[in-house]
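I set out to record what I looked up in this structure, entry by entry. The entries run from the chain as a whole to helix packing and then to single residues.

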Amino acid sequence: MKNPFAALLSGRAADAPGPQKTKRINLALQGGGAHGAFTWGVLDHLLSDERLIVEGISGTSAGAVNAVMLADGLARGGRAEAQKRLADFWRAVSSTGNLPAVQRAVTERLLSFTPLEGTPVQAWLDGLSRYFSPYDVNPLNINPLQELIERFVDFEALRAYSDLQIFISATNVQTGRVRIFPREKITAATVMASACLPLLFRAVEIDGAPYWDGGYLGNPVIFPFFRTTTTEDVLVVQINPLMRQVTPTSASEIMNRINEITFNSSLLAEYRAIEFVARLIDQGQLPRGTGPGQYRRVNVYRIVLDRFGTNFDRPITISSKGCKSAASARRGASSMIISTISACAAPWICGPKRRPNGHDKLSACVERKSRHGKRRAAADR
């Protein structure tokens, strides 16, 4: 099978036998409810390729959860432990996991865009959220998500792991601006803030400021990598569909599409800014480098869920029935998602498109190789 991350290993035959050099990359993990299990499949496959070295991770909401699970595993015992951490978490939140009833209810609500769709329970929850806020129904501010995250992640070890740059974004409710939490400031509360859905949880207070889900303003953020990592290559795992072929008509479909557009807007803005700077660098109008007054020429690669997103529009219940180990959980709880990654990730990764001047042109869209070896760009904007 062709290496699904071959486009990242430019300059050599990525699937050629024999020893090969390593490639340093940054990861930007988008939030998107239960679609975060798709990201797990990507990370599991990436960790299996020892030629790729993760230098930095940025995550938002469900992407932040995956980011801290990945970083925790790398800090504890390397790639294998990171795969185990991710598998253990997604196995626990599956329909047959071992979470207590309260945590089960919270994770099912959190990891879904339209939970319990078409059921009386959903109608009841929708009506409740219309008239009552989390401050009304949860006066004690009980959030089982914190206990769940602390159960899987050693945040003290994560903060001390200097080999990896980690960034988590959250939305400041009062200022309306995004806040980026670096590795040294990441706690369970940080992840809770990044995944704080306003109609489900009370705002998470950090340093006296209230925060909501980071997806509103940075889903995920890329710019923190510019001054903190050496590599200019960023792999974005994008799980919110950009395009839809049909017009939504039902209330739930309309709300779902509004969420998709809203949670993609900040990322598209970064794509445009990155492409603009890359163009100026190529034209010699901006100096390239890491020093004062210099700019990074960032290459963005994407793995997107667009092609199969419609298959996951119905409420997602991840099942790990019959799984006896972390490895079997990875095959069982997310077998469809991982097989999708294995078979289809390669054409989703944007390979650098050559320009006449020899520079790599940043592509913020999906590129696929045709039968004749040429590349066709599917415009996102």
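**Entry 1. Arg302.** I began with Arg302, which I located in strand β8, residues 299-304. I then asked whether Arg302 is buried or exposed. The model is a predicted one, and in it Arg302 has a relative accessible area of 0%, so I recorded Arg302 as buried. I next looked up a side-chain partner and found Gln238, whose side chain joins that of Arg302 through a polar contact of 2.8 Å.

**Entry 2. The chain as a whole.** I noted 13 helices and 12 strands in the protein chain. Of its 381 residues, 52% are buried. I also looked up how contacts are spread along the sequence: among those between residues at least 6 apart, 71% join residues at least 24 apart.

**Entry 3. Helices α2 and α3.** I looked up how α2 (residues 62-77) packs on α3 (residues 79-92), and found an angle of about 140° with the axes 7 Å apart. Angles over 145 degrees would count as roughly antiparallel; α2 and α3 are therefore oblique to each other. The crossing of α2 with α3 is right-handed. Which residues of α2 and α3 make the contact? From α2 I listed Val65, Asn66, Met69, Leu70, Asp72, Gly73, Leu74, Arg76 and Gly77. From α3 I listed Arg79, Glu81, Ala82, Arg85, Leu86, Phe89 and Trp90. By class, I recorded eight nonpolar, three polar and five charged residues in the contact of α2 with α3.

**Entry 4. Helices α1 and α3.** I then turned to α1 (residues 36-47), whose axis comes within 10 Å of that of α3 and crosses it at roughly 160°. This angle makes α1 roughly antiparallel to α3. The crossing of α1 and α3 is left-handed. On the α1 side, I found Gly36, Ala37, Trp40, Leu43, Asp44, Leu46 and Leu47 in the contact. On the α3 side, I found Arg79, Ala82, Gln83, Leu86, Ala87 and Trp90. The residues of the contact of α1 with α3 divide into nine nonpolar, two polar and two charged.

**Entry 5. Backbone geometry.** I kept in mind that most residues other than glycine have a negative phi, and that most peptide bonds are trans. Where did I find a cis peptide bond? It joins Asn219 and Pro220, with omega about -10°. I placed Pro220 in the loop between β6 (209-213) and β7 (233-238).

I next looked up positive phi values in residues other than glycine. Ser61 has phi near 55° and sits in the loop between β2 (52-59) and α2. With a relative accessible area of 10%, Ser61 is buried. Asp207 also has a positive phi, about 55°, and I found Asp207 in the loop between β5 (204-206) and β6. Asp207 is exposed, with a relative accessible area of 67%.

**Entry 6. Thr175.** I closed with Thr175, in the loop between β3 (165-172) and β4 (178-182). Its relative accessible area is 52%; the cut-off for exposed is over 50%, so I recorded Thr175 as exposed. A polar atom of the Thr175 side chain lies 3.3 Å from the backbone nitrogen of Arg177. I also looked up Ala209, which is 34 residues from Thr175 along the chain, and found their C-alpha atoms separated by 9.3 Å.

Definitions and conventions. Residues numbered from 1 in each chain as written. Predicted model: local features only at pLDDT ≥ 70, side-chain atom pairs only at ≥ 80, totals over all residues. Heavy atoms only, no water. Axes fitted to C-alpha atoms, helices over the stretch in contact; angles between N-to-C directions. Helix = DSSP H or I, 4+ residues; strand = E, 2+ residues; numbered from the N terminus. Parallel < 35°, antiparallel > 145°, perpendicular 65-115°, else oblique. Left-handed = near helix turned anticlockwise from the far one by under 90°. Contact = heavy atoms within 4.5 Å. Nonpolar A, V, L, I, M, F, W, Y, C, P; charged D, E, K, R; others polar. Buried < 20%, exposed > 50% of the residue type's maximum accessible area, 1.4 Å probe, protein only. Polar contact = N/O pair within 3.5 Å; in protein donor to acceptor, adjacent residues only side chain to side chain.
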